[in-house]
Amino acid sequence: MYNFAYHRPGSLAEAERKLKAAADGRLLAGGQTLLPTLKQRLAKPSDLIDIGRLAELSFIKADGRSVQIGATTRHATVAASAEVRKAIPALAKLAGGIGDPQVRNMGTIGGSLANSDPAADYPAAVLALGATIHTTERAIAADDFFKGLFETALKPGEIIKSVSFPVPEKAGYMKFAQPASRFCMVGVFVCKAGSGVRVAVTGAGPCAFRQSAMEKALASNFSAAAIESVKVSPAGLNADIHCSAEYRAHLVGVMARRALTEANG
Amino acid sequence: MGERIEVTLTVNQRKRRAQVEPRLLLVDYLRHELGLKGTHVGCEQGACGACTVLLDGRTARSCLHFVAALDGAQIRTVEDVAPSPELLHPIQQAFHRQHALQCGYCTPGFVMTTLELLAGNPDPSQTAIRRALTNNLCRCTGYANIVKAVTAAGKALREGSQA
């Protein structure tokens, strides 16, 4: 690992100043992706700004219409939260299925979103629930946030503060996990809300994306049967040693139907 | 060497002050600076679980934490599990009795993960045990005896007896 300068700011405002002042600064939150990346010398930041223990970024608030989660809230905390389990049980279930216990104890929602790993779980929930990502500079709609492989709408120096999730009428999440890493080979989050039906897929493409053909089919009938005949094209989907693009396309349908069954259960 | 970061942390109930290079990892600090070699280094990539410790009461991979970021943290390692140098903890006793180890390299990590599991779920199902142990790799046993040991340890802890 290359060396770097380490900073432990006492507030978000100080973290923002340090990040903007650094030549090539990175934020350290849970570190579950950043540390392996540094160890493999795939990144060489000049400065690490540690926001992992900033109390002002770790919270869960629910008011009946939405759930707000602070950026450094750990996956295990979201999974165990009585408020999240009551308002959006599918979101608590998703958080409880990320990686393994050690990743859930340390990994953060803000870190997961900012990294935009193609096989991460949270992006599917953020997209399907129509969440809003609040940063130090603005509010970004989920539809505008994920831009590509490990690429988001975040600008240099911009820090995620929290994510707000509107409470849906119904939601469900199902993933086919890679057996060793527990990352998603394919994960599908389905959501029915006053604003309509949204279906988001993770693990299958360069970043999480919405499945509009399924959304149309589900608009009048939110059930697994309604998407039986929806064909998913393998064009543009990921292919690797674990799973071909054709198999991923097949899994999108299977996981979507199971997520719907769960949402209606 | 560049700058040094000052941290105060508690390791196995003992307060420690250290001046560390920013990139010093917790596992290297425990082994090389404190001599606590019960915490093992396996993959160094956060995949094998041999370096698992308790950080503020929750399992963590000590190869994926900078000491510089742990100011004020409470660390517990496998050296602090047995009640005395002569006695084994019921979890360790169960691993011994159930032949849940061969080479033993992964065992400290399994013991720490089992501590966290049984603290939150005193009577876990086989599925819950296997799910909790997802991140601890063992290349000797095939896991069957480890699952048996965790079940036996849970029973012993619930009944206050030896496994």
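Buried area is the accessible area that two parts lose on being put together, summed over both. By that yardstick, chain A and chain B of this predicted model bury about 2,500 Å² between them, with 50% of it on carbon and sulfur atoms. Here's a quick tour of that interface, the cores and one buried serine.

**Where the chains meet**
- On the contact count, 28 residues of chain A touch 34 residues of chain B.
- Within chain A, the residues that give up the most area to chain B are A:Lys39, A:Arg53 and A:Gln102, which together make up 25% of what that side buries.
- There are 15 residue pairs in polar contact between chain A and chain B, counting pairs with both residues at pLDDT 80 or more.
- Several elements of chain A each put at least two residues into the side touching chain B: strand 1 (5–7), helix 2 (34–39), strand 3 (47–50), helix 3 and helix 6 (101–106).
- Helix 6 of chain A is the top contributor to that side, with six residues.
- As for salt bridges, three turn up across the interface of chain A and chain B.
- B:Arg61 pairs with A:Asp100 in a salt bridge, and their closest N and O atoms are 2.6 Å apart.

**The nonpolar cores**
- The largest nonpolar core has 43 residues, and A:Leu113, A:Tyr122, A:Val126, A:Phe165 and A:Phe189 have the most contacts inside it.
- Both helices and strands of chain A feed this core with at least two residues each, including helix 5 (89–96), helix 7 (109–115), strand 10 (160–166) and strand 12 (184–193).
- Helix 8 of chain A supplies the largest share of this core, six residues.
- Apart from that core lies another one, of 37 residues, and among them are A:Leu28 and A:Leu35 as well as B:Val11 and B:Leu25.
- Leaving aside neighbours within four places in sequence, A:Tyr122 is in contact with residues including A:His75, A:Leu91, A:Ile98 and A:Ser112.

**A closer look at A:Ser112**
- You'll find A:Ser112 in helix 7 of chain A.
- A:Ser112 counts as buried because its relative accessible area is 15%, and the cut-off for buried is under 20%.
- Setting aside neighbours within four places in sequence, A:Ser112 is in contact with A:His75, A:Asp117, A:Ala120, A:Tyr122 and A:Pro123.

**Domains of chain A**
- Chain A is split into domain 1 (1–48) and domain 2 (170–263).
- The C-alpha centres of domain 1 and domain 2 of chain A sit 34 Å apart.

Key:
Residues are numbered from 1 along each chain as its sequence is written. Chains are lettered from A and ligands numbered from 1 in the order in which they are written. This is a predicted model: local features need pLDDT of at least 70, side-chain atom pairs count only at pLDDT 80 or more; totals for chains, interfaces and linings use all residues. Side-chain values use heavy atoms; hydrogens and water are left out. Domain bounds come from an automatic or database domain assignment. A nonpolar core is a set of buried Ala, Val, Leu, Ile, Met, Phe, Trp, Tyr and Cys residues joined through side-chain atoms within 4.5 Å. Buried means under 20% relative accessible area, exposed over 50%, partly exposed in between (1.4 Å probe, protein chains only). Helices (H or I, at least four residues) and strands (E, at least two) are DSSP runs, numbered from the N terminus. Contact means heavy atoms within 4.5 Å. Buried area is the accessible area (1.4 Å probe) that two parts lose on being put together, summed over both. A salt bridge is a side-chain nitrogen of Lys or Arg within 4 Å of a carboxyl oxygen of Asp or Glu. A polar contact is a pair of N or O atoms within 3.5 Å; within protein, one must be able to donate a hydrogen and the other to accept it, and residues adjacent in sequence count only if both atoms are side-chain atoms.
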